[in-house]
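These are my notebook entries on one structure, written as I looked things up. I put the sequence and the model here before the notes begin.

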Amino acid sequence: MEQINGSVRMERALLYTFLEVSSDCKFREQLQSLQNQGKTHFPCYCYDDEVELQTDGNRSGHLQNGELVFDPEVNEEVVRIIAAQLAEIGDQFDKEIKARVVNDLVQHFLNENLSGEEITRRMSEAVEGLARAIPSDMEQEKAMLVLAMVLTKKIANTMPSLLQRVFSTTVNYISQQLHNYIVRMLRE
């Protein structure tokens, strides 16, 4: 499910950095292990009008020597600043998320019989339900992004051994549902 052209790398970098700078992270060792396995990257992305979603679901881009050419203006520092801002918002949302929601998701992640798509659907349902329940004056997409990231942290805090699976699921969810929002956010 991972896209070879790198379009999920931005989501990975943002989620990883969010978790890294978040308060009350009880899975730092597993998070470091995730980075050591190469599951996180800090690439730069090309955001001009020529990079768009194609009918086959892939993003177009400029190829140079078989590699996508990325815009050097979007970098690791931008991702870190945005992740830190999202983590501050996440700390506020953290208190509003009931343990039952987290425990239900933990059980879904533990269920080896559930497909990745089914777990992503369950995560999406949880995020959407929380977004409706938590009063917020912020953009719906931003609230959903922060909630998905906070759920990832809370699930990994509950059961650190699930970090890799929940990280991958959250990256897929964010990439499918919020990619365009993240691109806009990094442009600003």
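Is Thr169 buried or exposed? I looked up its relative accessibility, found 7%, and so I entered Thr169 as buried; the cut-offs I keep to are under 20% relative accessible area for buried, over 50% for exposed and partly exposed in between, with a 1.4 Å probe and protein chains only.

**Entry on the model.** I note that this is a predicted model, in which local features need pLDDT of at least 70 and side-chain atom pairs count only at pLDDT 80 or more, while totals for chains, interfaces and linings use all residues. Residues are numbered from 1 along each chain as its sequence is written, and side-chain values use heavy atoms, with hydrogens and water left out.

**Entry on the chain.** I read the secondary structure as seven helices and two strands, where helices are DSSP runs of H or I with at least four residues, strands are runs of E with at least two, and both are numbered from the N terminus. Starting at the N terminus, I wrote the order of elements down as α-α-β-β-α-α-α-α-α. The chain has 188 residues, and 45% of them are buried. I also looked up the accessible surface, which comes to about 9900 Å², with 45% of that belonging to carbon and sulfur atoms; such areas come from the Shrake-Rupley method with a 1.4 Å probe, and for residues only the protein chains shown count as cover. Of the contacts with a separation of 6 or more, 78% join residues 24 or more positions apart, contact meaning heavy atoms within 4.5 Å.

**Entry on Thr169 and Val183.** I placed Thr169 in helix H7. A polar atom of the Thr169 side chain lies 2.9 Å from the backbone oxygen of Arg165. With neighbours within four places in sequence left aside, I found Thr169 in contact with Phe109, Ile119 and Thr120. Val183 is found in helix H7 too, and I entered Val183 as buried because its relative accessibility is 12%. Measuring by sequence, Val183 and Glu11 are 172 residues apart, yet their C-alpha atoms are 9.7 Å apart in space.

**Entry on the loop between H1 and H2.** Which residue did I find with a positive phi, although it is not glycine? Asp24 has a phi near 60°, and Asp24 sits in the loop between helix H1 (9–21) and helix H2 (28–36). Most residues other than glycine have a negative phi. I entered Asp24 as partly exposed because its relative accessibility is 47%. Lys26 has its place in the loop between H1 and H2 as well, and with a relative accessible area of 58% I entered Lys26 as exposed. Setting aside neighbours within four places in sequence, I found Lys26 in contact with Asn157 and Pro160. Lys26 and Lys153 are 8.7 Å apart from C-alpha to C-alpha, with their positions 127 residues apart in sequence.

**Entry on Ala156.** I found Ala156 in helix H6, residues 140–158, and entered Ala156 as buried because its relative accessible area is 0%. Not counting residues up to four places away in sequence, Ala156 touches Phe27 and Leu163. Ala156 and Gln30 are 126 residues apart in sequence, and I noted 9.1 Å for their C-alpha to C-alpha distance.

**Entry on the second largest pocket.** A pocket, on a 1 Å grid over the protein atoms alone, is an open set of points where a 1.4 Å probe fits, with protein on both sides within 12 Å along at least five of seven lines, and lining residues have an atom within 4 Å of a point. I noted about 190 Å³ of space in the second largest pocket, the volume being the space filled by probe spheres set on the points. Helix H3 (76–94) and helix H7 (163–187) are the elements that give two or more residues to its lining, and H3 gives the largest share, four residues. Among the lining residues I listed Leu86, Lys142 and Met185.

**Entry on Leu86.** Leu86 is found in helix H3, and I entered Leu86 as buried because its relative accessible area is 1%. Not counting residues up to four places away in sequence, Leu86 touches Leu14, Phe18, Lys142, Leu145, Val146, Met149 and Met185.

Note on methods: A polar contact is a pair of N or O atoms within 3.5 Å; within protein, one must be able to donate a hydrogen and the other to accept it, and residues adjacent in sequence count only if both atoms are side-chain atoms.
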